[in-house]
Amino acid sequence: MSEKNEQGKRAARDRLVQQRERQRASERRRRTLIVASAVVGVLALAAVVGLIAANSGGKGDKSEAGGPVAAPSGATGKDSLAIQVGADDAPSTLTIWEDFRCPVCAQFENAFRDAIHQLEKTGQIKAEYHLATIIDGNLGGSGSLRAANAAACAQDVGKFPAYHDVLYRNQPQEADDAFGDNAKLIELSGKVPGLDTPDFRSCVNDGKHDAWVQKSNTAFQNGGFQGTPTALLNGESIFPKKGNEPITVANLKKWVAEANKGKKPGMVTPAPSGS
């Protein structure tokens, strides 16, 4: 009789252990779903904020910066309004419209920076960056313009990618026009080896590329885009989703692989020091 009791107790303990394991597994799945939903939700909310910013863009904008339009070195595309990163012969093109004061742009960059750089460095894509000044128009100030001019100055010496990333990693709050101070932009250039030079400082302080930035912003406003950031893979919008698939690092790599199927990667040249 005691042996049967012991067997019954063991069976009950086994059932209890199995039930607890099922509960733990269920809780892990629930947490995974919550985290995944939160990530998608942040991107979706970011996209909505970007749409609102773009749709109200232009309020209080200045018409055009004075002086001749001086495109940065190596600028490409229509009217030389794009700054390219990656191999010329990469099989796919990622087109990105951004504003250095735009918080959604920073979220996009922080989430996808490493994946984009990996795809660039392996010759899978070339990225074409177009700069806009939407937040200046919405909130006042000049941080979008000043930061874009400074980034174009960095492009003149082949250090746009590194400085671009530094600006987004150190982006102030949207309402804080810290990038409107050239001294702040020059200070941040110290984070890119070899960028803080007398020529760079002169380019920033003189607003050498201001008219070019304003021309780029006009192209954005006339382009029918819905917000910043706008991300297009071979001309097709992929932010915040492509078709019915939300943008994720895995999906971005998958979409590029699908677009590049049967094509050779581009010939990548070594990046300049500090990039």
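## Two positive phi values before β1

Ser80 sits in the loop between α1 and β1. In this predicted model, Ser80 has a positive phi of about 55 degrees, even though it is not a glycine. Is Ser80 buried, partly exposed or exposed? Its relative accessibility is 28%, so Ser80 counts as partly exposed.

Asp79 belongs to the loop between α1 (2-55) and β1 as well. Asp79 is another residue other than glycine with a positive phi, in this case near 60 degrees. With a relative accessibility of 45%, Asp79 also counts as partly exposed.

## The chain as a whole

Now a step back to the overall picture. The protein chain holds nine helices and seven strands. It has 275 residues, and 43% of them count as buried. If you take the contacts between residues at least 6 apart in sequence, 79% join residues at least 24 apart.

## Strand β3 and its two partners

Strand β3 covers residues 125-131, and seven of its seven residues are buried. Which residues point which way from β3? Ile125, Ala127, Tyr129 and Leu131 point to one side, while Lys126, Glu128 and His130 point to the other. Both sets are buried, so the charged names in the second set should not mislead you: the cut-off here is under 20% relative accessible area.

β3 pairs with two strands that we can follow here. Strand β1 (residues 83-85) runs antiparallel to β3, and three bridges link the pair. In this pairing, Ile83 stands opposite Tyr129 of β3. Strand β2 (residues 92-98) runs parallel to β3, and the two are joined by seven bridges. Here Ser92 has Ile125 of β3 as its bridge partner. To get from β2 to β3, the chain passes through helix α2 (residues 103-121), and this β-α-β crossover is right-handed.

## A closer look at Ser92

Ser92 is part of strand β2. Is Ser92 buried or exposed? Its relative accessibility is 0%, so Ser92 counts as buried.

What does Ser92 touch, leaving aside residues up to four places away in sequence? Its contacts are Gln124, Ile125, Lys126, Leu233, Asn234, Ala259 and Asn260. Two of these names, Ile125 and Lys126, are familiar from β3. Ser92 can also be placed relative to Val256: the two lie 164 residues apart along the chain, yet their C-alpha atoms are separated by 7.2 Å.

## Two helix pairs

Val256 leads us on to helix α9, where it is one of the residues that meet α2. Helices α2 and α9 (residues 249-259) pack with their axes 10 Å apart, at an angle of about 25 degrees. That angle makes α2 roughly parallel to α9. Their crossing is right-handed. On the α2 side, the contact is made by Ala111, Phe112, Ala115, Ile116, Gln118 and Leu119, and they meet Val249, Leu252, Lys253 and Val256 in α9. An α-helix has 3.6 residues a turn, so residues three or four places apart point the same way.

Helices α4 (residues 143-156) and α7 (residues 198-206) form another pair: their axes come within 9 Å and cross at roughly 150 degrees. α4 and α7 are therefore roughly antiparallel to each other. The crossing of α4 past α7 is right-handed. Which residues of the two helices meet? From α4 they are Arg146, Asn149, Ala150, Cys153, Ala154 and Asp156, and from α7 they are Phe200, Cys203 and Val204.

## An enclosed helix

Helix α5 spans residues 160-169, and nine of its ten residues are buried, so α5 is largely enclosed by the rest of the structure. If you want to find them in the viewer, the buried residues are Phe160, Pro161, Ala162, Tyr163, His164, Asp165, Val166, Leu167 and Tyr168.

## Two cis peptide bonds

Where are the cis bonds to Pro229 and Pro240? One cis peptide bond joins Thr228 and Pro229, with omega at about 0 degrees. Pro229 lies in the loop between α8 (210-222) and β4 (230-233).

The peptide bond from Phe239 to Pro240 is cis too, and its omega is near 5 degrees. You will find Pro240 in the loop between β5 (236-237) and β6 (241-242).

Terms used
Residues numbered from 1 in each chain as written. Predicted model: local features only at pLDDT ≥ 70, side-chain atom pairs only at ≥ 80, totals over all residues. Heavy atoms only, no water. Buried < 20%, exposed > 50% of the residue type's maximum accessible area, 1.4 Å probe, protein only. Helix = DSSP H or I, 4+ residues; strand = E, 2+ residues; numbered from the N terminus. Pairing = 2+ DSSP bridges. Right-handed = clockwise from strand over helix to strand, strands pointing away. Axes fitted to C-alpha atoms, helices over the stretch in contact; angles between N-to-C directions. Parallel < 35°, antiparallel > 145°, perpendicular 65-115°, else oblique. Left-handed = near helix turned anticlockwise from the far one by under 90°. Contact = heavy atoms within 4.5 Å.
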